[in-house]
Every structure is written in structure tokens, then in C-alpha cells.
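Dear colleague,

I am handing over a structure that you have not worked with before, and I would be glad if you kept it open while you read the notes that follow it.

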Amino acid sequence: SHPAQAAVRYWPASTARTGAQLQALHGDRVELRDGCFFVGERGQPANKLAWFHTEIGLDIDDAGYLILRDRVDGSTRGRIGEDMSWGGPASAKIDDAARRALHEACGDGEILVVGSPESTERFQMRVADLRSRNSRR
């Protein structure tokens, strides 16, 4: 959304639709610092630049928090700053111009594709619900 864009220096997302992805569980906290998105990996410091799939957008929820929103179905994926989970290792095409623009805006850090992250809490609730439904069969 327009109001959310004011909080970031550069929106790090692919422009091409996402294809098939690996589905191993990855996750950590997605943080916004000085207008740039950073992420850690498996408990490491959040010092890598985050990169999202094109289907993910940035918005502000009713409570005023920056959130990741699914641009396909409109659902909230999670709030920036909370623990997130994603399938991976995620991949995305990052062209040279986009890579350069991200580095100019946010520094020369390593880029980690987080793809389409979801709040870890929501993910665990959804998976637990699926597990409980399957165990009743």
C-alpha cells in the first residue's frame, strides 16, 4: 500500500511470478531497520538482506503494524518483526538492476530469498489443525 511504502527505502521483491519451490521448513525473524528488510538464518543475527516473492506485498494492518500481505488472496502473512516460516531454500530471479538498487539503498549485504514467509505462530496453528484433522481419520 502507499502508506506502507513510506517506511521502506526499497521494496525487495521479484517481478516475475514464482515457480516451483523447495518446501523444507526455514524461518527466522524478518526485521525492518532504517527502511531496509533484514533476516537471520537459523538463529544467526539478522544481517542478510531479505528478498520476497512477487506475490508478497507490504501493507499496514488496522492496529498500525507493517504486515506482509498475500497479493493473490489478500490474506495477512504476518507482522514485520515477528518470527516467520517459509519453504526453502527459496529461490527467485533477481536481475542485476534490482540487485544494484537494493544494495544502493540498503548496503552490500548478502541477499537471502525468504520467498513468501508466514507468521510462525500462524503456520504452527495451521499445521496443528491439519494434523489433528488427519489423526481423526
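**Hairpins and turns**

In the hairpin that E5 and E6 form, with 5 residues between the strands, glycine 74 takes a positive phi near 80 degrees. Please keep in mind throughout that this is a predicted model. The two strands of this hairpin, E5 and E6 (residues 76-79), pair in the antiparallel sense over 3 bridges, and arginine 69 stands opposite threonine 76 in E6.

E5 is also part of another hairpin, this time with E4, where there are again 5 residues between the strands and glycine 64 takes a positive phi near 95 degrees. The pairing of E4 with E5 is antiparallel and runs over 5 bridges, and isoleucine 60 has leucine 66 in E5 as its bridge partner. As for its surroundings, 4 of the 5 residues of E4 are buried, so this strand is largely enclosed by the rest of the structure.

A further hairpin is made by E1 and E2, with 2 residues between them. Aspartate 34, in the loop between E1 and E2, has a phi near 50 degrees, which is a positive value in a residue other than glycine. Most residues other than glycine have a negative phi. Aspartate 34 counts as exposed because its relative accessibility is 61%, where the cut-off for exposed is over 50%.

**The open sheet**

In what order do the 6 strands of the open sheet stand? The order is E8-E3-E2-E1-E7-E9, and the pairing is mixed. E8 and E9 (118-119) stand at the edges with a single partner strand each, so one side of each is left without a neighbour in the sheet.

Within this sheet, E1 and E2 run antiparallel and are joined by 4 bridges, with glutamate 31 having phenylalanine 38 in E2 as its bridge partner. E2 and E3 likewise run antiparallel, joined by 2 bridges, and here valine 39 stands opposite lysine 48 in E3. E2 is covered on both faces, since Cys36 and Phe38 on one side and Phe37 and Val39 on the other are all buried. Towards the other edge, E7 and E9 pair in the antiparallel sense over 2 bridges, and the bridge partner of serine 85 in E9 is glutamate 118.

**The nonpolar cores**

The largest nonpolar core has 17 residues, of which Phe37, Phe52 and Leu58 touch the most other members. The elements that give two or more residues to this core are E2 (36-39), E3 (48-52), E4 (56-60), E5 (66-70), E7 (83-88) and E8 (111-115). There is also a second, separate core of 13 residues, which includes Cys36, Leu49, Ile94 and Leu102.

If residues up to four places away in sequence are set aside, phenylalanine 37 touches a number of residues, among them Val8, Trp11, Pro12, Phe52, Leu58 and Ile80.

Methionine 84, which lies in E7, counts as buried because its relative accessibility is 1%. Its C-alpha atom is separated by 9.2 Å from that of valine 114, a residue 30 places away along the chain. Beyond four places in sequence, the residues that methionine 84 touches include His26, Val30, Leu68, Arg79 and Pro117.

**The largest pocket**

The volume of the largest pocket is about 330 Å³. Its lining is made up of 20 residues, and those closest to the centre are Gln23, Arg77, Trp86, Gly87 and Ser116. By class, the lining has 8 nonpolar, 7 polar and 5 charged residues. E1 (24-33), E7, E8 and helix H3 (120-135) each supply at least two residues of it, and the largest share, 3 residues, comes from E7.

Is serine 116, in the loop between E8 and E9, buried or partly exposed? Serine 116 is partly exposed, with a relative accessible area of 25%. Leaving aside neighbours within four places in sequence, serine 116 is in contact with His53, Ile56, Arg77, Ser85 and Trp86. Serine 116 and phenylalanine 52 are 64 residues apart in sequence, while the distance between them, C-alpha to C-alpha, is 6.2 Å.

With kind regards

Technical notes: Residues are numbered from 1 along each chain as its sequence is written. This is a predicted model: local features need pLDDT of at least 70, side-chain atom pairs count only at pLDDT 80 or more; totals for chains, interfaces and linings use all residues. Side-chain values use heavy atoms; hydrogens and water are left out. A nonpolar core is a set of buried Ala, Val, Leu, Ile, Met, Phe, Trp, Tyr and Cys residues joined through side-chain atoms within 4.5 Å. Buried means under 20% relative accessible area, exposed over 50%, partly exposed in between (1.4 Å probe, protein chains only). Contact means heavy atoms within 4.5 Å. On a 1 Å grid over the protein atoms alone, a cavity is a set of points where a 1.4 Å probe fits but cannot get out, and a pocket is an open set with protein on both sides within 12 Å along at least five of seven lines; lining residues have an atom within 4 Å of a point. Grid points are joined across faces, edges and corners, and a volume is the space filled by probe spheres set on the points. Ala, Val, Leu, Ile, Met, Phe, Trp, Tyr, Cys and Pro count as nonpolar, Asp, Glu, Lys and Arg as charged, and the others, Gly among them, as polar. Two strands pair if DSSP finds at least two bridges between them.
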